[in-house]
Amino acid sequence: IMVSINQRLEADVIELVASEFNYEVEFIGVEDAAELEDEDTEDDTENLKPRAPIVTIMGHVDHGKTSLLDYIRNTNVIAGEAGGITQHIGAYEVTLKDGRSITFLDTPGHEAFTEMRMRGANVTDIVILVVAGDDGLMPQTIEAINHTKAAGVPMIVAITKSDKPEFNPQKIRERLLEHEILVEAMSGEVQDVEVSAKTGAGLDELIEKILLQAELLELKANPDRAAEATVIEAKLDKGKGPLATVLITRGTLKVGDILVVGTHSGRVRAMLDDKGRQIKAAPPALPVEVLGLGGVPMAGDTLTVVESEARAREVAAFRQERATAKRTTSAPTSLENMFSALSAKQAVIEYPIVIRADVQGSTEAIINALNKLSNDEIKVRVLQSGVGAITESDVGLAQASGAPIVGFNVRPNAKAREMIERQKVRLKYFDVIYHLTDDIAKEMAGIWGPERIEHVVGRAEVKEVFPAGKKDKAAGLLVVEGYLKKGINARLTRNDVIVSKTSVASLRRFKDDVAEVRAGLECGVVLEATNDIKPGDVLETFEVEMRDRTL
Ligand code: GDP
């Protein structure tokens, strides 16, 4: 057997070789060897120290989420921090005058919030539901309520824009009741507060309520151990390479630490906080941007510090293998499934697409939104998706499958651009997700073709049948409903079974050709391309409408 140094051997070959050298082989599961041990062991209570609460602000667009967060950040800038350039890293730490701090997650879309949760990353401790007091409960407010409830995270209601004359918090509180949220002001349990991001009114109270809620939750973590963290955002930076913003869940992450994150290994080269400052060590609940990863991880991935580089590479390689295996083995589970998969294959139209976006979160949001466009007859098939510039591999793949490439806030690199021009691959740029989905939905509807809708317009009973010309048969009918027209589509049924699908070739009343015959009248009919017609048959006429479809 010729094998290279990196190639795996079959178990029996290993046994054979080992026995030549008088060794015995004991096999253990791959998982046991390669995956990190389940580190879910609880930390001892005496090692636990209080940590900052992690807060997500959710609510309807334009209800004031950003303004609220900005105001809180700007008024809590402590000495020495002023003038620091704020960095967008997906999360902020706000240090209060008394030294305590709160971590705010940069309001992700509600779907991103739930996506992370689905991957087991429940990073949020408290949700602030922002509702504009001059507006009402809007669709995204209700979405936010549902997502929060599903996550089982406590909620604080912030009724904003209290400075406006139309401000009517009572109305909001009453509407919240319909969603089973009984706020404090109405003797309920959910904390609520009236705030203004313009005047700052009520914001101290909001902070107090966050801290109070945090105290009730007894948020604690052990800072004195190897760090674990959750990725909240990741991207590929031109100069710095793969970057990930992580929230430390326990332990302290230090520069130089060797780590595994998702399917990648790496070593912390540097860490930056949300003010763009280099930091050497990150304690629990602190959001930091980590440099030095081997690749771009996904939001929701866990970062784990391990003892050696070899170990990190081993775990990463194992996870990569497992991820590939998962992608390639979508075997049908039963014979029945296999048949339906087979027949489905012929019936379903696939719309192939290649997606590139600037951040992982966008890629996922796009794929999710596109999957929602799919139905039983037409499906989006994402051939490839990723973070960063559009590459030659994307173009090759798109070319081979006749797929468009979608660039979300990214452009092709030089080589890819050249290839695109040469190969005439379609390229679409977007910077708003719903523009993207609108466009793709239109295109898919076009490929799907218009929908054929049949409207039944008439019914007639066959009374007698007689020869017409040399071989044709004509029938005498009584129109019982609607109308018959010359040339109209028709179905002939006998005992409710369709005998033929045809059309009215000729239509007469007495000896005259007519264009139309209405209910209650008798007429003579010759059907197109069929002579199988008998007394008692029913002729049903229908108009066909071709309607453009929407997705
Ligand atoms: P977001 O989409 O939820 O992040 O909402 P923004 O923070 O962007 O706010 C939407 C609009 O409402 C902006 O024009 C803000 O200036 C305005 N706004 C936000 N909060 C307040 C407030 O407390 N009072 C007043 N008068 N306007 C506000």
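**Legends to close-up views of a predicted model**

**View 1. The ligand and its surrounding shell.** The ligand is surrounded by 14 residues, and the closest are D62, T66, S67, D163 and A197; a residue is near a molecule or strand if one of its heavy atoms lies within 4 Å of it. The structure is a predicted model, in which local features need pLDDT of at least 70 and side-chain atom pairs count only at pLDDT 80 or more, whereas totals for chains, interfaces and linings use all residues. Residues are numbered from 1 along each chain as its sequence is written, and side-chain values use heavy atoms, with hydrogens and water left out. By class, the shell holds 2 nonpolar, 6 polar and 6 charged residues (nonpolar: Ala, Val, Leu, Ile, Met, Phe, Trp, Tyr, Cys and Pro; charged: Asp, Glu, Lys and Arg; polar: the others, Gly among them).

**View 2. Polar atoms of the ligand beside S67, D163 and H63.** A ligand oxygen lies 2.5 Å from an N or O atom in the side chain of S67. On D163, a side-chain N or O atom is 2.7 Å from a nitrogen atom of the ligand. For H63 the partner is a polar backbone atom, 3.4 Å from an oxygen atom of the ligand. A polar contact is a pair of N or O atoms within 3.5 Å; within protein, one must be able to donate a hydrogen and the other to accept it, and residues adjacent in sequence count only if both atoms are side-chain atoms. Of the 580 Å² of accessible area that the ligand has on its own, the protein covers 73%; accessible areas come from the Shrake-Rupley method with a 1.4 Å probe, and for residues only the protein chains shown count as cover.

**View 3. Helix 7 and the elements that cover its buried residues.** Helix 7, residues 203–217, has 15 residues and reaches 21 Å from its first C-alpha to its last, close to the 21 Å expected at 1.5 Å a residue. The expected span is 1.5 Å times one less than the number of residues. Helices (H or I, at least four residues) and strands (E, at least two) are DSSP runs numbered from the N terminus. L203, L206, I207, K209, I210, L211, Q213 and A214 are buried in this helix, where buried means under 20% relative accessible area, exposed over 50%, and partly exposed in between (1.4 Å probe, protein chains only). Their cover includes strand 2 (54–59), helix 3 (65–75), strand 4 (101–105), strand 5 (126–132), strand 6 (155–160) and strand 7 (191–194); contact means heavy atoms within 4.5 Å. E218, with a positive phi near 50°, follows helix 7.

**View 4. Helix 10 and its buried residues.** The 12 residues of helix 10 (residues 360–371) should span 16 Å at 1.5 Å a residue, which agrees with the 17 Å between its end C-alpha atoms. Q360, S362, T363, E364, I366, A369 and L370 are the buried residues of helix 10.

**View 5. The buried lysine K428 in strand 21.** K428 belongs to strand 21, residues 427–430, and counts as buried because its relative accessibility is 14%. Its side chain is joined to that of D439 by a polar contact of 2.5 Å. Apart from neighbours within four places in sequence, K428 is in contact with P404, I405, V406, G407, D439, I440 and E443.

**View 6. R319 in helix 8.** R319 is found in helix 8, residues 309–328. With a relative accessible area of 15%, R319 is buried. The side chain of R319 reaches the backbone oxygen of G262 at 2.9 Å.

**View 7. A416 in helix 12.** A416 lies in helix 12, residues 414–423, and counts as buried at 0% relative accessibility. Not counting residues up to four places away in sequence, A416 touches I390, T391, E392 and V395. The C-alpha atoms of A416 and D394 are separated by 8.1 Å, although the two are 22 residues apart along the chain.

**View 8. Positive phi at F510 and A529.** F510, which is not a glycine, has a positive phi of about 55°. F510 sits in the loop between strand 25 (497–509) and strand 26 (512–513) and counts as exposed at 73% relative accessibility. For A529, phi is near 60°. A529 is in the loop between strand 28 (522–527) and strand 29 (538–547), and at 79% relative accessibility A529 counts as exposed.
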